[in-house]
Amino acid sequence: MTIAARANALWEYANPRKFLATSERILPFFWITSALCLTVGLVWGFFFTPDDYKQGSTVKIIYLHVPAALMAINCWLMMLVTSLIWLVRRHHVSALAARAAAPVGIVMTLIALATGAIWGQPMWGTWWAWDPRLTSFLILFLFYLGYVALWEAIEDPDTAADLTSVLCLVGSVFAMLSRYAVNFWNQGLHQGASVMRAGAITGTDTEEKVSNIFFYPLLVCIIGFVLLFVALVLYRTGTEIRARRVKALLARERVGG
Amino acid sequence: MIPDLGKYADAVLWSYAVSIGLLLALVAISVMRGRKVRTEMEKIEQRVTRNG
């Protein structure tokens, strides 16, 4: 099969029946592997890693804070891609996937903000500071809330999908800012990237990076968060597809009788 | 069993409790709504089939 044919085959999943059949087949894999990775990663990180020489035992918060923050940003980017697909190709499944992902993004952002505040208090002496990264994350959280509220506020699903897609495009600026705020402004309390930085991974730069003793369990946790995100979005998209069908059937019943 | 977390025990334990609690709540709410919508859809489909 050529690359073009493979790419075209992807659009088959825009068919709700095909999407539901495929997601039901692969969902058990994602539920089980995410539970496994999260259990192994968190137990490894919590029980079997030493304290950091500067941050003491608070370093154990990294296994929740970093994966949640990564997923908060990447969830919005996934919503951006599916929203663009909706705007360009009008596939309902893609609009519903964006809608299904938003509450997952809210929870990930909330975990990142909450663990950040709890970690910040003993390290910085404050729960919160109007630091570029923290502030852009708070704005991203508000964008998530606005996105969900907009879906709920508009009755016609196609109009709701159009408007939320445009909101998603605008919010993407803040999703990118929350990732690169430290690099852009180079100020504030929050440290720069020390985990997901090319130089830190390959060891080609001399800046401070997370030691391997913390990095390996963190990597397992990140994989666990990604798998959990995929499982939740697949499952919730299936629910949105069924909810849409319920609405359509009820409308047909009303018209018919 | 719990490692000695020293003076930061509260911060670490609260972080884990809040995060795991939020993740479990998200999974539980998603699964409950999924089941409810599926049952509702099946009921309506049966009714539509019966009524032609």
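Hi everyone. Let me start with what I mean by contact today: two residues are in contact if their C-beta atoms, placed from the backbone, lie within 7 Å. Keep in mind too that this is a predicted model.

With that in hand, here is the interface. On the chain A side, 30 residues are in contact with 23 residues of chain B. Which helices of chain A each supply at least two residues to that side? They are H3, H4 and H8, the last running over 212–256. H8(A) gives the largest share, 12 residues. Sorted by class, the chain A side that touches chain B holds 18 nonpolar, seven polar and five charged residues.

Now let's look at two of those helices together. H3(A) covers residues 62–89 and H4(A) covers residues 92–124; they pack at an angle of about 160 degrees, with axes 8 Å apart. At that angle, H3(A) is roughly antiparallel to H4(A), because anything over 145 degrees counts as such. The crossing of H3(A) past H4(A) is left-handed. As for the residues in this helix–helix contact, 21 are nonpolar, eight are polar and none is charged.

Over to chain B, and its helix H1, residues 9–51. Its 43 residues should span 63 Å at 1.5 Å a residue, and the end C-alpha atoms are indeed 63 Å apart, so the two agree.

Which residues of H1(B) are buried? Ala11(B), Val12(B), Ser15(B), Ser19(B), Leu23(B) and Leu26(B) are. And what covers them? The cover includes H3, H4 and H8 of chain A, the helices I named for the chain A side of the interface.

Thanks, and I'm happy to chat about any of this.

Definitions and conventions. Residues are numbered from 1 along each chain as its sequence is written. Chains are lettered from A and ligands numbered from 1 in the order in which they are written. This is a predicted model: local features need pLDDT of at least 70, side-chain atom pairs count only at pLDDT 80 or more; totals for chains, interfaces and linings use all residues. Axes are lines fitted to C-alpha atoms, for helices over the stretch in contact, and angles run from 0 to 180 degrees between N-to-C directions. Helices (H or I, at least four residues) and strands (E, at least two) are DSSP runs, numbered from the N terminus. Angles under 35 degrees count as roughly parallel, over 145 as roughly antiparallel, 65 to 115 as roughly perpendicular and the rest as oblique. A crossing is left-handed if the near helix is turned anticlockwise from the far one by less than a right angle, and right-handed if clockwise. Ala, Val, Leu, Ile, Met, Phe, Trp, Tyr, Cys and Pro count as nonpolar, Asp, Glu, Lys and Arg as charged, and the others, Gly among them, as polar. The expected span of a helix is 1.5 Å times one less than its number of residues. A residue is buried if 20 or more other C-beta atoms lie within 10 Å of its own, exposed if 12 or fewer, and partly exposed in between; C-beta atoms are placed from the backbone.
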